[in-house]
Amino acid sequence: MSKENLIEVKNLNKTFTKKVGRHFFNRKNVPIHAVNNISIEIKKGETLGIIGESGCGKTTTARMLLRLQKETHGEILFNGTDLCKLNERETSKFLPNMQMIFQDPYDTLNPGMRVVDLLMEPINAHMKGISHNEKIEIIKESIEAIDLKPAERFMYRYPHELSGGQRQRIAIARAIILKPDFIAADEPTSMLDVSVRAGILNLLLKLKKQMGLTMLFITHDLTTASYMCDRIAVMYQGEVVEVGNTEKIIRNPSHPYTRALVSVVTDLNHFIENRDRIILDGEVDATIEKKGCIFVHRCPFREEHCFHDPPSLVTQQGDHQVACSCLDKIPSGLPKDQSLQQQNSHSI
Ligand SMILES: Nc1ncnc2c1ncn2[C@@H]1O[C@H](COP(=O)(O)OP(=O)(O)OP(=O)(O)O)[C@@H](O)[C@H]1O
Ligand SMILES: [Mg+2]
């Protein structure tokens with residue numbers, strides 16, 4: 001494992017099964033390839049973004065990294081240790097060092113517990129041999145670190161006595177209280193009022209700098225990714241189709257799916273100008289049985305071989321990788337009046 005990486009994910013897969021069919025006796029299990037053979041690296045101290053439309057496997061990937069979900073197969077190296085090979089007791093030693101911030105603070109904070117008790121839980125579980133007063137001091141410090149001051153004003157409140165933004169700040173305090181090296185934030189602002197979103201993003205940037213955190217930041221919003229992430233991995237239907245430096249990808253997207261994503265985001269005009277919009281029809285369908293390129297049914301640049309030969313991620317320049325075997329035939333820049341149609345939808 002490279003010394004500059006904190007995490008290396010190799011050929012990671014997660015397949016769920018789903019029952020389909022209208023009638024009880026005709027129902028059958030179909031596989032859902034939520035995450036399909038992905039390999040990504042997260043460098044120490046960087047923020048890697050995962051972007052992609054709903055259902056493409058972003059949350060499942062993060063949940064496997066944090067060991068909240070077991071993989072079907074694959075490797076997750078954390079500082080050289082393969083987390084997939086550890087038993088429950090060995091895994092629990094790593095857990096304080098990796099924490100997750102979820103989309104909805106309502107779900108993560110027990111409504112029957114006060115802030116002080118919510119923050120005491122991880123301390124009691126993982127910090128042995130310190131006095132009650134020392135624990136209270138750690139709790140106050142973590143509340144002030146998330147800019148709720150003075151801490152005494154907030155620590156004896158219940159979650160329903162806080163605003164949405166304050167609740168997400170407490171969820172962040174819970175994530176940082178054990179001083180982890182790694183945090184995965186899964187769309188941490190998407191449930192919040194627009195007026196408090198920037199505050200939460202800036203808080204995460206501040207904490208990352210102060211604590212030297214490594215982050216995985218999940219979003220379906222490229223503008224947020226461009227603000228938060230050093231590099232981005234673009235996911236489509238369980239696969240990573242492009243990965244590299246955020247600004248380079250936004251200025252010059254290579255994969256046809258990334259081109260479509262970038263073309264519709266008007267807030268990115270500070271990066272790109274005069275782009276025609278490419279509207280994607282259809283949705284991600286993780287039950288489609290995979291044969292060739294995962295994007296073939298929506299791709300205007302596809303060729304016959306794309307239906308049969310799955311492309312792998314190929315390095316273009318530096319650490320920019322793209323999974324498309326037609327790249328040399330695609331004109332650079334975004335085509336005019338191009339619309340990516342779903343030509344061939346699969347239904348069950
Ligand atoms: N526990 C589960 N059982 C069955 N299928 C699941 C389960 N969890 C996720 N899936 C399916 O796996 C696929 C990927 O889901 P995931 O939640 O990772 O997507 P996502 O990219 O995070 O989407 P969103 O942007 O909506 O949060 C979807 O098709 C989803 O329905
Ligand atoms: Mg999700």
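Select Lys-179, which sits in the loop between H7 and strand E7 (182–186). Lys-179 is not a glycine, yet its phi is positive, at about 50 degrees. Keep in mind throughout that this is a predicted model.

**Around helix H7**

Now select helix H7, residues 164–176, and add helix H8, residues 194–211. Their axes come within 10 Å of each other, and the crossing angle is roughly 15 degrees. That makes H7 and H8 roughly parallel, since angles under 35 degrees are counted that way. Look at the handedness as well: H7 passes H8 in a right-handed crossing.

Keep H7 on screen, hide H8, and bring in H4. Here the axes come within 9 Å and cross at roughly 25 degrees. H4 and H7 are therefore also to be read as roughly parallel to each other. The crossing of H4 past H7 is right-handed.

**From H4 to H5**

Leave H4 (residues 115–126) selected and swap H7 for helix H5, residues 132–145. How far apart are the axes of H4 and H5, and at what angle do the two helices pack? The axes are 10 Å apart, and the angle is about 115 degrees. H4 is therefore roughly perpendicular to H5, as the range for that label runs from 65 to 115 degrees. H4 passes H5 in a right-handed crossing.

**Two loops to inspect**

Follow the chain out of H5 into the loop that leads to helix H6 (152–155), and select Pro-150 there. Show the backbone of Lys-149 too: the peptide bond joining Lys-149 and Pro-150 is cis, with omega at about -10 degrees.

Next, go to the loop between H1 and strand E4 (73–78) and pick Arg-67. What is the sign of phi at Arg-67? Phi is positive, near 65 degrees, in a residue that is not glycine.

**The ligand site**

Finish at ligand 1 and display the residues around it. There are 13 in the shell, and the closest are Ser-54, Gly-55, Lys-58, Thr-59 and Thr-60.

Three polar pairs are worth labelling with distances:

- Gly-55: a backbone N or O atom lies 2.8 Å from an oxygen atom of ligand 1.
- Cys-56: a polar backbone atom is 3.2 Å from an oxygen atom of ligand 1.
- Thr-59: here the side chain takes part, with a polar atom 2.8 Å from an oxygen atom of ligand 1.

Switch to a surface view of the ligand. On its own, ligand 1 has 640 Å² of accessible area, and the protein covers 63% of that. Colour by secondary structure next. Which elements give two or more residues to the shell around ligand 1? They are strand E2 (28–43) and helix H1 (58–65). H1 gives the most, with three residues.

Last, colour the shell around ligand 1 by residue class: five residues are nonpolar, five are polar and three are charged.

Terms used
Residues are numbered from 1 along each chain as its sequence is written. Chains are lettered from A and ligands numbered from 1 in the order in which they are written. This is a predicted model: local features need pLDDT of at least 70, side-chain atom pairs count only at pLDDT 80 or more; totals for chains, interfaces and linings use all residues. Side-chain values use heavy atoms; hydrogens and water are left out. A residue is near a molecule or strand if one of its heavy atoms lies within 4 Å of it. A polar contact is a pair of N or O atoms within 3.5 Å; within protein, one must be able to donate a hydrogen and the other to accept it, and residues adjacent in sequence count only if both atoms are side-chain atoms. Accessible areas come from the Shrake-Rupley method with a 1.4 Å probe; for residues, only the protein chains shown count as cover. Helices (H or I, at least four residues) and strands (E, at least two) are DSSP runs, numbered from the N terminus. Ala, Val, Leu, Ile, Met, Phe, Trp, Tyr, Cys and Pro count as nonpolar, Asp, Glu, Lys and Arg as charged, and the others, Gly among them, as polar. Axes are lines fitted to C-alpha atoms, for helices over the stretch in contact, and angles run from 0 to 180 degrees between N-to-C directions. Angles under 35 degrees count as roughly parallel, over 145 as roughly antiparallel, 65 to 115 as roughly perpendicular and the rest as oblique. A crossing is left-handed if the near helix is turned anticlockwise from the far one by less than a right angle, and right-handed if clockwise.
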